[in-house]
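Q: Please take a close look at one residue of this chain and its surroundings, then set it against a few other sites and the chain as a whole.

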Amino acid sequence: MSALMHYVLFRMKDGALTQKVKDDFENTFAALKSAMSEDIIDATVKFNCVRRDANMDVMVILKLASRESLTKYIPHPLHKDFAKRTDPILISRCSFDCEL
């Protein structure tokens, strides 16, 4: 089975990316990595440092053990709760997956 890279980019509403929200991103994906240690090999959260119209605000990078790991991650309660908290402050989100 090939490892899978899962990238998610988020565009937040103006003023929504507070330090509290940044901490929530980092804490949530650290908790997911811990809770799903056999499926999530690595989890990284990056924040945009250059403001341009075409840029997104946050990028989450997950290295997953397999495609099956993605199907476990999507419905995980920590992921679902995070989506409930962030959906109201998002303008858009996109994802991209590729095998290694």
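A: Asp87 counts as partly exposed, because its relative accessibility is 37%, and the cut-offs for that class are 20% and 50%. The model is a predicted one. In the chain, Asp87 sits in the loop that links α3 (77-86) to β4 (90-99). The side chain of Asp87 makes a polar contact of 2.9 Å with the side chain of Arg93. Asp87 can also be placed relative to Phe10: the two are 77 residues apart in sequence, while their C-alpha atoms are 10.0 Å apart in space.

The helix before this loop, α3, contains His79. His79 counts as buried, because its relative accessibility is 16% and the limit for buried is under 20%. Setting aside residues up to four places away in sequence, His79 touches Leu32, Tyr73 and Ile74. From Lys63, His79 is 16 residues away in sequence and 15 Å away in space, C-alpha to C-alpha.

Tyr73 also appears among the contacts of another histidine, His6. His6 belongs to strand β1, which covers residues 4-12. With a relative accessible area of 5%, His6 is buried. Its side chain and that of Asp97 are joined by a polar contact of 2.4 Å. Beyond its neighbours within four places in sequence, His6 is in contact with Val60, Ile61, Leu62, Leu64, Leu70, Tyr73, Ser95, Phe96 and Asp97. Several of these partners can be placed by residue range: Val60, Ile61, Leu62 and Leu64 fall within β3 (58-64), and Leu70 and Tyr73 within α2 (67-73). Ser95, Phe96 and Asp97 fall within β4 (90-99), the strand that follows the loop of Asp87.

The loop between β3 and α2 holds Ser66. Ser66 has a relative accessibility of 7% and counts as buried, whereas Asp87, also in a loop, is partly exposed at 37%. The side chain of Ser66 reaches the backbone nitrogen of Glu68 at 3.3 Å. Apart from neighbours within four places in sequence, Ser66 is in contact with Met1, Ser2, Ala3 and Leu4. Of these partners, Leu4 is at the start of β1 (residues 4-12).

These sites belong to a chain with three helices and four strands, arranged along the sequence as β-α-β-β-α-α-β. Of the contacts with a separation of 6 or more, 75% are between residues 24 or more positions apart. The pairing of His6 with Asp97 is one case of side chains from β1 and β4 in polar contact.

As for overall dimensions, the C-alpha atoms fill a box of roughly 40 × 25 × 20 Å along the principal axes. The radius of gyration is 13 Å, which agrees with the value near 13 Å for a compact globule of 100 residues. In the chain, 35% of the 100 residues count as buried, and His6 is among them. The exposed surface is about 6,100 Å², with carbon and sulfur atoms supplying 53% of it. The chain carries 15 positive and 14 negative charges, and their mean positions are 3 Å apart.

Technical notes. Residues are numbered from 1 along each chain as its sequence is written. This is a predicted model: local features need pLDDT of at least 70, side-chain atom pairs count only at pLDDT 80 or more; totals for chains, interfaces and linings use all residues. Side-chain values use heavy atoms; hydrogens and water are left out. Helices (H or I, at least four residues) and strands (E, at least two) are DSSP runs, numbered from the N terminus. The radius of gyration is taken over C-alpha atoms; the globule rule is 2.2 Å times the number of residues to the power 0.38. Buried means under 20% relative accessible area, exposed over 50%, partly exposed in between (1.4 Å probe, protein chains only). Contact means heavy atoms within 4.5 Å. Accessible areas come from the Shrake-Rupley method with a 1.4 Å probe; for residues, only the protein chains shown count as cover. Lys and Arg count as positive and Asp and Glu as negative; His and the chain ends are not counted. The place of a charge is taken as NZ of Lys, CZ of Arg, CG of Asp or CD of Glu. A polar contact is a pair of N or O atoms within 3.5 Å; within protein, one must be able to donate a hydrogen and the other to accept it, and residues adjacent in sequence count only if both atoms are side-chain atoms.
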